[in-house]
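Student: Please take one part of this model and go through it closely. I would like to know how the helices there pack and what their contacts consist of.

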Amino acid sequence: SQPNNPKTMSFSTGSEDYEVLEIWQTVMGGLSSVCCLVCLANAVYRRAFTSRYQRFGLSLLLSALLYSLSHAFMFLTYSQTEDDETLVCTIQAFINVLSTVAMCGWVLVILINLLMVLQNKNVPAHLEKLYHLSVWVLAVIFACIPFASNSYGKLGQNIWCWIDAKPIWTQLVTYMFPLVATFIATCVLFFKLGKIMSPQSCPDSSAAERPALTEAARFYANQQLGYPAFFMTFWSVPLGYYFYYLFIFSVIGEYDTPLWSIFSAILGPPLGSLYTINYFYFAYKKADFEVDESDLYSPPEVDMDQVQLEGSSSSSSISV
């Protein structure tokens, strides 16, 4: 175990607590991994990937699957020799950082896409390819920075594999920066979308400037908002404590119990299961609506039958 150096993160809990957290991460991470796999298999079976919003949601579920696996494989780091343990720990931490940054990216993509749609803006098709390329490339880059600086390792007294506290800038740049930026942007976009969806929003605006949301449109918008809602709920507690820890660490220079790691170890594994609940709840409830999903994600089309009817009426009046 690590010495209780005031300049490093360490735990004061007993070995029994480590075993409980290890079991929790393994069991809940495994359960969430299975749930995400079931979601992806269900989407393939039902061919539920024809709409842009479906593909974005499945990409988020894929990121959650990797994130859950990084927790589920925690037990492997305790069943290897010292050299193999270091390698397994590095791989686990790499997957954890990569999947976290990817989840941040897809949460933002979902919100930005939904905002553009609800504002009746035409979303170019090529943006989807740009979203996929940007999210995964950035995730790989951010995950490779700690690997290049040899910063991956066990945090505290082997609570989980992550970015070592030394140097602290590695955590801040490669993990906390995209996470905090996404969290703030998610909060802003989430409440902006809530205002747009409110029936009382923009009472003084003209009807043409306001999105005319049908019941089906609200249904699909609520589905998309479910993912960032779980994202904000999970990360609010760990992020709040992390910045409290940085304040204590910078002012006093020591802190004995990094609850950031404990919060992440407890709240992280079930996240994939929550995404699964959101997916299946709306996937099978959508049968109540007869509107196709693509109607929400395309600019409003002119009702040609209505146009022809009006044209016929006009012609009749002129001939009379």
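Tutor: What follows is a close look at helix H4 and its two helix contacts, and then at one residue and the nonpolar core. The model is predicted.

Helix H4 covers residues 126–148, and helix H2 covers residues 52–72. The two pack with their axes 11 Å apart and at an angle of about 10°. Angles under 35 degrees count as roughly parallel, so H2 and H4 are roughly parallel to each other. On the H2 side the contact is made by Arg52, Arg55, Phe56, Ser59, Leu62, Ser63 and Leu66. On the H4 side Glu128, Tyr131, His132 and Trp136 take part. By class, the residues of this contact divide into five nonpolar, three polar and three charged.

The other partner of H4 considered here is helix H5, residues 168–197. Here the axes are 10 Å apart and the angle is about 165°. Angles over 145 degrees count as roughly antiparallel, and H4 is therefore roughly antiparallel to H5. The crossing of H4 and H5 is left-handed. H4 contributes Phe142, Ile145 and Pro146 to the contact, while H5 contributes Trp169, Thr170, Val173, Thr174 and Pro178. This contact of H4 with H5 has six nonpolar residues, two polar ones and no charged ones.

One residue of that contact can be followed further. Valine 173 lies in helix H5. Its relative accessibility is 38%. Buried means under 20% and exposed means over 50%, so valine 173 counts as partly exposed. Leaving out residues up to four places away in sequence, valine 173 touches Phe142 and Pro178. Valine 173 and isoleucine 145 are 28 residues apart in sequence, and their C-alpha atoms are 9.0 Å apart in space.

H2, H4 and H5 also take part in the largest nonpolar core, each supplying at least two residues. This core has 68 residues, and those that touch the most other members are Leu60, Val97, Tyr175, Leu179, Trp235, Tyr275 and Tyr279. Other elements that supply at least two residues each are helix H1 (15–46), helix H3 (82–118), strand E2 (160–163), helix H6 (215–251) and helix H8 (271–285). H3 gives the most to this core, with 18 residues.

In short, H4 runs roughly parallel to H2 and roughly antiparallel to H5. Charged residues occur in the contact of H2 with H4, whereas the contact of H4 with H5 has none.

Notes
Residues are numbered from 1 along each chain as its sequence is written. This is a predicted model: local features need pLDDT of at least 70, side-chain atom pairs count only at pLDDT 80 or more; totals for chains, interfaces and linings use all residues. Side-chain values use heavy atoms; hydrogens and water are left out. Axes are lines fitted to C-alpha atoms, for helices over the stretch in contact, and angles run from 0 to 180 degrees between N-to-C directions. Helices (H or I, at least four residues) and strands (E, at least two) are DSSP runs, numbered from the N terminus. Angles under 35 degrees count as roughly parallel, over 145 as roughly antiparallel, 65 to 115 as roughly perpendicular and the rest as oblique. Contact means heavy atoms within 4.5 Å. Ala, Val, Leu, Ile, Met, Phe, Trp, Tyr, Cys and Pro count as nonpolar, Asp, Glu, Lys and Arg as charged, and the others, Gly among them, as polar. A crossing is left-handed if the near helix is turned anticlockwise from the far one by less than a right angle, and right-handed if clockwise. A nonpolar core is a set of buried Ala, Val, Leu, Ile, Met, Phe, Trp, Tyr and Cys residues joined through side-chain atoms within 4.5 Å. Buried means under 20% relative accessible area, exposed over 50%, partly exposed in between (1.4 Å probe, protein chains only).
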